[in-house]
Amino acid sequence: MKNETYKKLIVANWKMNPSSAKEAEELSGTVQREVRGLKNVEIVLCPPFPYLSVVGALAKGAQSCHWEQKGAYTGAVSPAMLKDMGCEYVIVGHSERKQYFGETDEIINKKVKAALKAGLKVVLCIGEDTRDSFDSKGHWTHELDPKLKEQIIGAFEGVKKSNIQNIVVAYEPVWAIGTGNPATPDDVLSAKIFIRKILSNLYDRKEADKVRVLYGGSTNKKNSAVFIKEGQADGLLVGGASLDSDEFVEMVKSIYENS
Ligand code: PEP
């Protein structure tokens, strides 16, 4: 795969944390202070909705959105509102949204299209549930697992070629999220090649190569750089480790130094 020159993207998914606005402000403030000057990395903080305003100079992202821009959908937040709040990104299709909120590939597709329509960039999460698609030689392979392909085709359904570079695909194997058991750099590289191959078939090679592919799942300051260097990930989607400012800042610095 040719060397890609755009900035590495590091997306912090705080999930339903921390428990107070004061802690959110402290976390965001420390990260902003410590990463100032690291020009070749793009950092996006995705706090819960009520804390979106604590993200100052860094790019702002939301963890989810609705598929309509307004209306009678009690408790929901629309992509248009997020854009108005200064968000640049929204995470769509996270496995926890599927597990706890019943999100299907169809809902994910509606959200992707609504987010793009509102002018947001999408961090689209995809990933298989288990690591059990082995070939005859016992090698694990994405080619044998229909899940990833289905998720990609489902999410991109009806998305125009001119818009696909506004989607960042985060390869997040469910078995690696929050388990302390990350994928290997080889897994990440093969997922990236596989994702780009499906997108080239759906669109074309030139456009598919513009879609950034992140890795997410049990990343930390010790293992981050290897996913970038050996796994050729275009960045990381970080869950648990993004709540510890020292850990997260170290991760950003190791990516900065290794990209
Ligand atoms: C996530 O939930 O997107 C994630 C990558 O979590 P963690 O880093 O905690 O595995």
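Biologist: In this predicted model, what makes a residue part of a pocket's lining?

Modeller: A pocket is an open set of grid points with protein on both sides, and a residue counts as lining when it has an atom within 4 Å of a point. By that rule the largest pocket is lined by 25 residues, and Phe49, Gln63, Ser64, Arg97 and Phe101 are those that lie nearest its centre. The space in this pocket comes to about 590 Å³. Helix 3 (95–101) and helix 4 (105–117) each supply at least two residues of its lining, with the largest share, four residues, coming from helix 3.

Biologist: What is the make-up of that lining by class?

Modeller: The lining of the largest pocket divides into 13 nonpolar, seven polar and five charged residues.

Biologist: Why is the space lined by Gly93, Lys98, Asp105 and others called a cavity?

Modeller: The term applies because a 1.4 Å probe fits at its points but cannot get out. The lining of this largest cavity includes Leu124, Cys125 and Ile126, and the largest share, three residues, comes from strand 5 (121–126). The volume of the largest cavity is about 40 Å³, and the structure holds one cavity of 30 Å³ or more.

Biologist: How do you know that tyrosine 215 is in contact with Phe227 and Leu237?

Modeller: Contact requires heavy atoms within 4.5 Å, and, leaving aside neighbours within four places in sequence, tyrosine 215 has such contacts with residues including Tyr171, Val188, Phe227 and Leu237. Tyr215 is also listed, with Val112 and Phe248 among others, as having the most contacts inside the largest nonpolar core, which has 64 residues.

How values were computed:
Residues numbered from 1 in each chain as written. Predicted model: local features only at pLDDT ≥ 70, side-chain atom pairs only at ≥ 80, totals over all residues. Heavy atoms only, no water. Core = buried A, V, L, I, M, F, W, Y, C linked by side-chain atoms within 4.5 Å. Buried < 20%, exposed > 50% of the residue type's maximum accessible area, 1.4 Å probe, protein only. 1 Å grid on protein atoms, 1.4 Å probe; cavity = no way out; pocket = protein on both sides within 12 Å on 5 of 7 lines; lining within 4 Å. Points joined across faces, edges and corners; volume = space filled by probe spheres on them. Nonpolar A, V, L, I, M, F, W, Y, C, P; charged D, E, K, R; others polar.
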